[in-house]
Amino acid sequence: MSDPSEFELAKDVAAITSVIEGVVNCFDRGDYESLATLYSDHVEMDYSSLFGGTAHKKTREQQLMDWAGFLPGFDLVRHSLADFNVRIEEGVAITTCSVVGQLYLGEKVWEVEGLYQFRLHKRSNHWRIFKQRFVLKTENGNGDIVETAKDRAKGHPPPFVKRRKAQAAVVRFLKALENKDMDALADVWSEKAVQDMPYSPDGFPDVVEGKSNLIKHYSAWPENAGEADFTSNLKFYPMMSPEWVFAEFTGEVEILTTGREYNQIYGGLFHVPHGKIQYYREYFNPEPFRFAYDIEEGKEPDSFPTSEP
């Protein structure tokens with residue numbers, strides 16, 4: 001392959017084929033975190049020949065949650081691919097392959113055979129799927145086991161779903177602070193929630209226990225804070241347990257009582273079982289806090305703020 005353009009084309013074809021093979025491999029292993037890397041931010045899905053309905057567009061996260069909402073409910077999922085055809089036109093890869101899918105549950109198996117059609121584009125030097133269609137040819141077995149699989153997956157959600165729900169609760173918490181939505185803020189806590197703040201300045205609580213006390217702790221926030229941003233630079237770091245979340249985020253807040261800007265970098269360790277925050281350890285630098293609220297070090301003010309994000 002002496003022609004560089006020929007070599008680059010062959011390399012792209014190999015990369016595109018690997019992406020498609022990776023999709024079904026992730027399906028079969030239940031690896032939705034890796035599956036996320038194979039899709040664009042938004043994707044159009046068309047499984048109408050199998051499930052009815054029409055094609056639909058969703059965010060990548062929505063589609064991953066859909067798959068994670070029923071595929072883990074099967075005892076075994078197995079896909080086989082063959083007959084790849086890849087062509088690239090104006091930066092878009094148009095790919096087809098045959099597929100046989102076998103889904104096992106108890107003594108039943110549902111087998112579908114058909115054709116996959118994909119469209120991919122290159123983003124950050126990686127091919128990503130933005131359109132996917134399945135065309136059914138034959139179907140054998142018990143398609144009714146899909147509903148049973150959904151019920152099983154709902155009752156025993158996979159780690160991917162638990163992790164995403166935990167992250168979503170953290171986002172709701174931070175958004176509630178941004179929007180001064182105290183009802184939404186109250187709703188994120190479990191009844192026995194604890195917030196631990198080991199670097200709190202003197203005179204400010206370092207532990208708040210119980211949902212009712214946390215609601216009181218944050219009650220002055222709408223009066224103290226003007227425009228606030230906690231989610232623009234939010235990053236999550238995966239942990240072994242899907243119900244534990246470590247988040248890094250910045251806080252930029254206008255403090256109305258002093259007219260000063262509060263700029264903070266936070267580290268947050270959250271335990272979020274069943275979608276509610278049960279424990280939150282908040283790491284923050286007390287110096288920007290003292291500056292923003294105009295608190296002299298070592299001096300407890302007459303009117304100390306009752307809430308800090």
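Let's start with one rung of a ladder: Asn 85 has Thr 96, over in strand E4, as its bridge partner. This is a predicted model, so everything below describes computed geometry. The rung belongs to the pairing of strand E3, residues 76–89, with strand E4, residues 92–105, which are antiparallel and share twelve bridges. Two residues separate the strands in this hairpin, and one to look at is Glu 90, with a positive phi near 55 degrees.

Follow the chain onward and another hairpin comes up. E4 and E5 are linked by two residues, and Gly 106 in that turn has a positive phi of about 60 degrees. The two strands pair in the antiparallel sense over 14 bridges, and Val 99 finds its bridge partner in Gly 114 of E5. Then comes the turn from E5 to E6, again a hairpin with two residues between the strands, where Ser 124 takes a positive phi of about 55 degrees. Strand E5 covers residues 108–123 and strand E6 covers residues 126–141; they are antiparallel, with 14 bridges between them. Trp 110 is matched with Gly 141 of E6 as its bridge partner.

Now step back to the sheet. Which order do its strands take? Reading across, it goes E2-E1-E6-E5-E4-E3, an open sheet of six strands with mixed pairing. The edges belong to strand E2 (56–59) and to E3, each of which pairs on one side only. From one strand to the next, the twist averages 20 degrees.

Helices lie across this sheet. Helix H5, residues 145–155, lies across E4 and E5 and runs at about 85 degrees to E4. Helix H4 lies across strand E1 (39–46), E2 and E6, and its direction makes an angle of about 100 degrees with E2.

H4 has a helical partner too. How do the axes of H4 and H6 meet? Helix H4 (residues 60–68) and helix H6 (residues 159–179) have axes that come within 9 Å and cross at roughly 140 degrees. That angle is why the two helices, H4 and H6, are oblique to each other. The crossing of H4 past H6 is left-handed. On the H4 side, the contact is made by Glu 61, Leu 64, Met 65 and Ala 68, while H6 brings in Phe 160, Val 161 and Arg 164. Sorted by class, the H4 and H6 contact has five nonpolar residues, two charged ones and no polar ones.

Further along the chain, pick up strand E7, residues 189–196. E7 pairs with strand E13, residues 277–283, in the parallel sense over four bridges. Within that pairing, Asp 196 has Arg 281 of E13 as its bridge partner. E7 also runs antiparallel to strand E8 (residues 207–209), with three bridges joining them. Here Val 194 is the residue to find, with Glu 209 of E8 as its bridge partner.

How does this sit with the annotation? UniProt, in an unreviewed entry, lists residues 11–130 and 170–278 under "domain: SnoaL-like". Over residues 11–130, the chain is 31% helix and 51% strand, and the C-alpha atoms at the ends are 20 Å apart. For residues 170–278, the figures are 25% helix and 41% strand, with end C-alpha atoms 11 Å apart.

Methods: Residues are numbered from 1 along each chain as its sequence is written. This is a predicted model: local features need pLDDT of at least 70, side-chain atom pairs count only at pLDDT 80 or more; totals for chains, interfaces and linings use all residues. Side-chain values use heavy atoms; hydrogens and water are left out. UniProt positions are given in the numbering used here, feature names are shortened, and annotations may be inferred rather than shown by experiment. Two strands pair if DSSP finds at least two bridges between them. Axes are lines fitted to C-alpha atoms, for helices over the stretch in contact, and angles run from 0 to 180 degrees between N-to-C directions. Angles under 35 degrees count as roughly parallel, over 145 as roughly antiparallel, 65 to 115 as roughly perpendicular and the rest as oblique. A crossing is left-handed if the near helix is turned anticlockwise from the far one by less than a right angle, and right-handed if clockwise. Contact means heavy atoms within 4.5 Å. Ala, Val, Leu, Ile, Met, Phe, Trp, Tyr, Cys and Pro count as nonpolar, Asp, Glu, Lys and Arg as charged, and the others, Gly among them, as polar.
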